[in-house]
Amino acid sequence: MGNLFLENQSVAITGSLENLTREQAVLKLREVGANPVNSVNKKTDLLVVGTRPGWKRKQAQELEIPMLGEDEFLTLLGADKTLRIPGL
């Protein structure tokens, strides 16, 4: 089942997520039709920013790429941020 906002969008993640492992986040992105990417460049559509973000955040700022925090990302995915989501 797709997510109209994320479908066909290139999405990168930086920093640590508190409610999902990186692997779970990537799987969830694929489930909703997004294209998870490892780097930030002019083709990146969105950056998810966790705690202790790295260089990707600065690159996204320079390229004016939209950024979401983990809470907003989980809301966008339709998940309850207060729950740990097993087996995504």
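A polar contact is a pair of N or O atoms within 3.5 Å, where one must be able to donate a hydrogen and the other to accept it. That idea will be useful further on, once the overall arrangement has been introduced. The model described here is predicted.

A good place to start is the sheet. Four strands make up an open sheet, with parallel pairing and the order β2-β1-β3-β4. The edges are taken by β2 (35–36) and β4 (67–69); each has a single partner strand, so one side of each is left without a neighbour in the sheet. Strand β1, which spans residues 10–14, runs parallel to β2 and is joined to β2 by two bridges. Within this pairing, valine 11 has proline 36 of β2 as its bridge partner.

Helices come next. Helix α1, covering residues 22–31, packs on the sheet and touches β1 and β2. The direction of α1 makes about 165 degrees with that of β1. Helix α2 (residues 55–63) lies across β1, β3 (46–49) and β4, and runs at about 140 degrees to β3.

With these elements in place, one residue of β1 can be followed in detail. Threonine 14 lies in this strand. Its relative accessibility is 4%, and because buried means under 20%, threonine 14 counts as buried. Here the opening definition finds its use: the side chain of threonine 14 reaches the backbone nitrogen of glycine 54 at 2.9 Å. Beyond its neighbours within four places in sequence, threonine 14 is in contact with several residues, including Arg22, Leu47, Val48, Val49, Gly54, Lys56 and Arg57.

Conventions. Residues are numbered from 1 along each chain as its sequence is written. This is a predicted model: local features need pLDDT of at least 70, side-chain atom pairs count only at pLDDT 80 or more; totals for chains, interfaces and linings use all residues. Side-chain values use heavy atoms; hydrogens and water are left out. Two strands pair if DSSP finds at least two bridges between them. Contact means heavy atoms within 4.5 Å. Axes are lines fitted to C-alpha atoms, for helices over the stretch in contact, and angles run from 0 to 180 degrees between N-to-C directions. Buried means under 20% relative accessible area, exposed over 50%, partly exposed in between (1.4 Å probe, protein chains only).
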